[in-house]
Amino acid sequence: DDMLGEQAVFSKTMQDLDSQVGSLEALSDINDVVNIAARVKEVEVQLQAAQAQVKLFNSREALFEQDITDYEELNRIQKNFEPYSNLWQTTKDWLEISEGWMNGRFVDLDAELVERLVEKYSLTINKAAKYFAKAGLEHQSAIANKIRTQDWLEI
């Protein structure tokens, strides 16, 4: 009975997470990237906690030989969240790190690290750009393309 109560509360948590992820669509100010990335990170932490809760529920269900509940809704929410995480975390990280590269001392650069990060950010921002273009989200697509088309990706 306790678990059923916890699962009912968890259902509300899922609705809240879905709403939070949906609200990320309204965020499109690259000048507010630090705050937006922090908000995205908060949602990511909540999604990770929800995933841990699902594992706990499923392990209890298995322990008591009950049918395992499918939390497909959480997978859908995480899938919807990923492009926003890719966009805002990568944009924030890129703007911060490239600032150091451009304004720091050349001799302090670690060429292998720069290459790895450029490759990682390039793959991630390209994925986000494609998603937002396909979804018709012009503001997010423009941000992704702005980051994507900078000279750093031409290295």
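This section describes an annotated region, one helix within it, and two buried residues in a predicted model.

In the UniProt record, an unreviewed entry, residues 74-145 are listed under "domain: Dynein heavy chain linker". Over these residues the chain is 88% helix and 0% strand, and the C-alpha atoms at the two ends of the segment lie 29 Å apart.

Helix 3, which comprises residues 72-103, contains 32 residues and should therefore span 46 Å at 1.5 Å a residue, a value with which the 46 Å separation of its end C-alpha atoms agrees. The helix nevertheless bends by about 30° at Phe81, and a proline, Pro83, follows within four residues of that position.

Thr91 is also located in helix 3, and because its relative accessibility is 0%, under the 20% cut-off, Thr91 counts as buried. Leaving aside residues up to four places away in sequence, Thr91 is in contact with Ile30, Val33, Ile125, Ile143 and Ile147. Between Thr91 and Val118, which are separated by 27 residues in sequence, the C-alpha to C-alpha distance is 12 Å.

Ile36 belongs to helix 2, formed by residues 33-63, and is likewise classed as buried, since its relative accessible area of 4% falls under 20%. With residues up to four places away in sequence again excluded, the contacts of Ile36 are Leu27, Ser28, Asp29 and Trp88. Ile36 and Tyr84 stand 48 residues apart in sequence, whereas their C-alpha atoms are 9.8 Å apart in space.

Key. Residues numbered from 1 in each chain as written. Predicted model: local features only at pLDDT ≥ 70, side-chain atom pairs only at ≥ 80, totals over all residues. Heavy atoms only, no water. UniProt positions renumbered as here; feature names shortened; annotations may be inferred. Buried < 20%, exposed > 50% of the residue type's maximum accessible area, 1.4 Å probe, protein only. Contact = heavy atoms within 4.5 Å. Expected span 1.5 Å × (residues − 1). Bend = angle between axes of the 7 residues up to and from the residue.
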